[in-house]
Amino acid sequence: RVGPAALDMKPLDVERLRVGFRPPDGGDFLHEFRMICDNCQVKSFTIVGRGTILDVAVTELDGRDVIEGELSRPVWFGDAVP
């Protein structure tokens, strides 16, 4: 998804576009969209995103080996900073 769908801008205005990306698989994904001005000028843009498949396993918890069945309840990893 790319949005907002409509912008009301004056010359030299700046606006942010929001891009939602939820890839179904790993790999590169392309999405083309067009912006049309009120003077009928059309510009095409292509957004490129990369999906990655992660395989994560917990082998230690708080510096010790994981006990069998211990991960059947939620584990808090702390805040994640992208």
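These are numbered comments on a predicted model of a protein chain.

1. Secondary structure. The protein chain holds 6 strands and 0 helices. From one end of the sequence to the other, the order reads β-β-β-β-β-β.

2. Overall dimensions. The radius of gyration of the protein chain is 22 Å, whereas a compact globule of 82 residues would come out near 12 Å. The C-alpha trace covers about 65 × 25 × 15 Å along its principal axes. Please keep both descriptions together when presenting the fold.

3. Burial and surface. How much of the protein chain is buried? Of its 82 residues, 7% are buried. The exposed area of the protein chain is about 8,100 Å². Carbon and sulfur atoms contribute 53% of that area.

4. Contacts along the sequence. Take the contacts in the protein chain with a separation of 6 or more. Of these, 21% link residues 24 or more positions apart.

5. Charge. The protein chain carries 14 negative and 10 positive side chains. The centres of these two sets are 9 Å apart.

6. The β3–β4 pairing. Strand β3 spans residues 27–36, and strand β4 spans residues 42–51. The two run antiparallel and are joined by 10 bridges. Two pairs help to place the register. D28 has R50 in β4 as its bridge partner. I36 faces V42, again in β4. As background, side chains in a regular strand alternate between the two faces of the sheet.

7. The turn. What do β3 and β4 form, and how many residues lie between them? They make a hairpin, with 5 residues between the strands. C40 sits in the turn and has a positive phi of about 70 degrees. I36 and V42 stand opposite each other, and I36 is the residue at which the range given for β3 ends. V42 begins the range given for β4.

8. The segment after β6. Strand β6 covers 64–65, and V75 belongs to the segment that follows. Is V75 buried, partly exposed or exposed? Its relative accessible area is 27%, so V75 counts as partly exposed; the class lies between the buried limit of under 20% and the exposed limit of over 50%. V75 and G63 are 12 residues apart along the chain, and their C-alpha atoms are separated by 14 Å.

Key:
Residues are numbered from 1 along each chain as its sequence is written. This is a predicted model: local features need pLDDT of at least 70, side-chain atom pairs count only at pLDDT 80 or more; totals for chains, interfaces and linings use all residues. Side-chain values use heavy atoms; hydrogens and water are left out. Helices (H or I, at least four residues) and strands (E, at least two) are DSSP runs, numbered from the N terminus. The radius of gyration is taken over C-alpha atoms; the globule rule is 2.2 Å times the number of residues to the power 0.38. Buried means under 20% relative accessible area, exposed over 50%, partly exposed in between (1.4 Å probe, protein chains only). Contact means heavy atoms within 4.5 Å. Accessible areas come from the Shrake-Rupley method with a 1.4 Å probe; for residues, only the protein chains shown count as cover. Lys and Arg count as positive and Asp and Glu as negative; His and the chain ends are not counted. The place of a charge is taken as NZ of Lys, CZ of Arg, CG of Asp or CD of Glu. Two strands pair if DSSP finds at least two bridges between them.
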